[in-house]
Amino acid sequence: MPLHLEPRMSFSSATRFMRTTSFVAGVMAALGVASIASAQAPAPMLAGTAFELTPYAGYMIFGDYLKGPLGTSISNAPGTLYGVQLGMKLYPNVSLIGNIGYTSSDVTVGVPFLGGYSIAHSSTLLYDGGLQLDLPMTTASGFRLKPFAQIGAGAMRYNVDASILQTNATNFAANVGAGADVALGRTMGLRLMAKDYIGKFNFQDATHLDVQGQTANNWALSAGLRFNF
């Protein structure tokens, strides 16, 4: 008999999901306005700094993939994150971006009052593409700061190793992010970013069981060096 779990979304989870959805809608609207404005302006010359390359490192915080009875849950423990992002200027403040990242940590079962118990090890590959909107700023002292917002879509591929059992799972993940670049020179800067990967772990792909997980917010917090060329 197939296992079928349909966790109910709690009030806090529903609120968090609504806030994330509102944020996504706001970013999409801003990008849409920027795209229309850019389309009406002449295209920039692809000379000088038309591309950006940002190797980064940080921390990945996973949401719960599954909520069980009595407050139990299944998730990945937080882990170190490494990656690189490439951006190509479409217009002065709009870029097409591609990203790839990697993290590994334990798969844990959370039990109320007792904490989490490791049941497997998981490595996760993130790959996605999207758009970036820049909002350049210059202070009176000449300090250059460039806040930005990102929106995109891609996938999260898990490789789960549980002693004698190895399995893989790939799920679609939309993402939204925000951060800022601090100029360190004409062609280099410090990039700080927070990015939310929103998706469901694919239990069908991993276990071939009819288990329905829940939508999870997986936060990638990172810092890196941005190189313009």
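Guide: Two residues are in contact when they have heavy atoms within 4.5 Å. Keep that in mind as we look around this model, which is predicted.

Visitor: What makes Arg186 count as exposed?

Guide: The cut-off for exposed is over 50% relative accessible area. Arg186 has 67% relative accessibility, so it counts as exposed. You will find Arg186 in the loop between E9 and E10.

Visitor: Which residues is Arg186 in contact with, leaving aside its neighbours within four places in sequence?

Guide: Those residues are Arg144 and Asn228. Asn228 is 42 residues away from Arg186 along the chain, yet their C-alpha atoms are separated by 8.2 Å. The contact itself is judged on heavy atoms within 4.5 Å, so the C-alpha separation of 8.2 Å does not rule it out.

Visitor: What is the volume of the largest pocket, and which residues are closest to its centre?

Guide: Its volume is about 400 Å³. Of its 19 lining residues, the closest to the centre are Arg144, Lys146, Arg186, Arg226 and Asn228. Strand E7 (137-138), strand E8 (144-162), strand E9 (165-183) and strand E11 (216-228) each give two or more residues to this lining.

Visitor: How many charged residues does the lining of the largest pocket have?

Guide: There are 8 charged residues, along with 6 nonpolar and 5 polar ones. Asp, Glu, Lys and Arg are the residues that count as charged, so Arg144, Lys146, Arg186 and Arg226, from the centre of the pocket, belong to that class. Asn228 is also at the centre, but Asn counts as polar because it is in neither the nonpolar nor the charged list.

Visitor: How does the lining of the second largest pocket divide by class?

Guide: This lining has 13 nonpolar residues, 4 polar and no charged. The pocket has a volume of about 320 Å³, and among its 17 lining residues Val107, Ile119, Val160, Phe201 and Thr207 are the closest to the centre. Val, Ile and Phe count as nonpolar, so Val107, Ile119, Val160 and Phe201 fall in that class. At least two lining residues come from each of strand E3 (73-76), strand E5 (94-111), strand E6 (115-134), E8, E9 and helix H2 (203-207).

Visitor: How many cavities does the structure hold, and why are they called cavities?

Guide: The structure holds 2 cavities of 30 Å³ or more. They are called cavities because a 1.4 Å probe fits inside but cannot get out, whereas a pocket is open. The largest cavity has a volume of about 60 Å³, and the second largest about 40 Å³.

Visitor: Which residues line the largest cavity?

Guide: The lining is made by Tyr56, Leu81, Asn99, Leu126, Met193, Lys195, Tyr197, Ala220 and Ser222. By class, that makes 6 nonpolar, 2 polar and 1 charged residues. Lys is one of the charged types, so Lys195 is the charged residue here. Strand E10 (188-199) gives the largest share, 3 residues.

Visitor: Which element gives the most to the lining of the second largest cavity?

Guide: That is E11, with 3 residues. Thr54, Tyr56, Gln85, Asn99, Arg191, Met193, Ser222, Ala223 and Gly224 line this cavity. Here the classes come to 3 nonpolar, 5 polar and 1 charged.

Visitor: What makes E8 and E9 a pair?

Guide: A pair needs at least two bridges. E8 and E9 have 18 and run antiparallel, so they pass the test. One of the bridges joins Gly154 to Ala173 in E9. The two strands form a hairpin with 2 residues between them, and Ser163 in the turn has a positive phi of about 60°.

Visitor: How many bridges join E7 to E8?

Guide: There are 2 bridges, again antiparallel. At least two are required, so E7 and E8 pair as well. Met137 stands opposite Leu145 in E8. E8 also pairs with E6, in the antiparallel sense over 14 bridges, and there Ser123 faces Asn159 in E8.

Visitor: Which residues touch the most other members of the largest nonpolar core?

Guide: Met60, Tyr65, Met156, Tyr158 and Phe201 do, out of 21 residues in that core. E8 supplies the largest share, 3 residues. Members of a nonpolar core must be buried, and buried means under 20% relative accessible area, so Met60 is under that cut-off. Apart from its neighbours within four places in sequence, Met60 is in contact with residues including Leu81, Leu126, Met156, Tyr197 and Trp219.

Technical notes: Residues are numbered from 1 along each chain as its sequence is written. This is a predicted model: local features need pLDDT of at least 70, side-chain atom pairs count only at pLDDT 80 or more; totals for chains, interfaces and linings use all residues. Side-chain values use heavy atoms; hydrogens and water are left out. On a 1 Å grid over the protein atoms alone, a cavity is a set of points where a 1.4 Å probe fits but cannot get out, and a pocket is an open set with protein on both sides within 12 Å along at least five of seven lines; lining residues have an atom within 4 Å of a point. Grid points are joined across faces, edges and corners, and a volume is the space filled by probe spheres set on the points. Helices (H or I, at least four residues) and strands (E, at least two) are DSSP runs, numbered from the N terminus. Buried means under 20% relative accessible area, exposed over 50%, partly exposed in between (1.4 Å probe, protein chains only). A nonpolar core is a set of buried Ala, Val, Leu, Ile, Met, Phe, Trp, Tyr and Cys residues joined through side-chain atoms within 4.5 Å.
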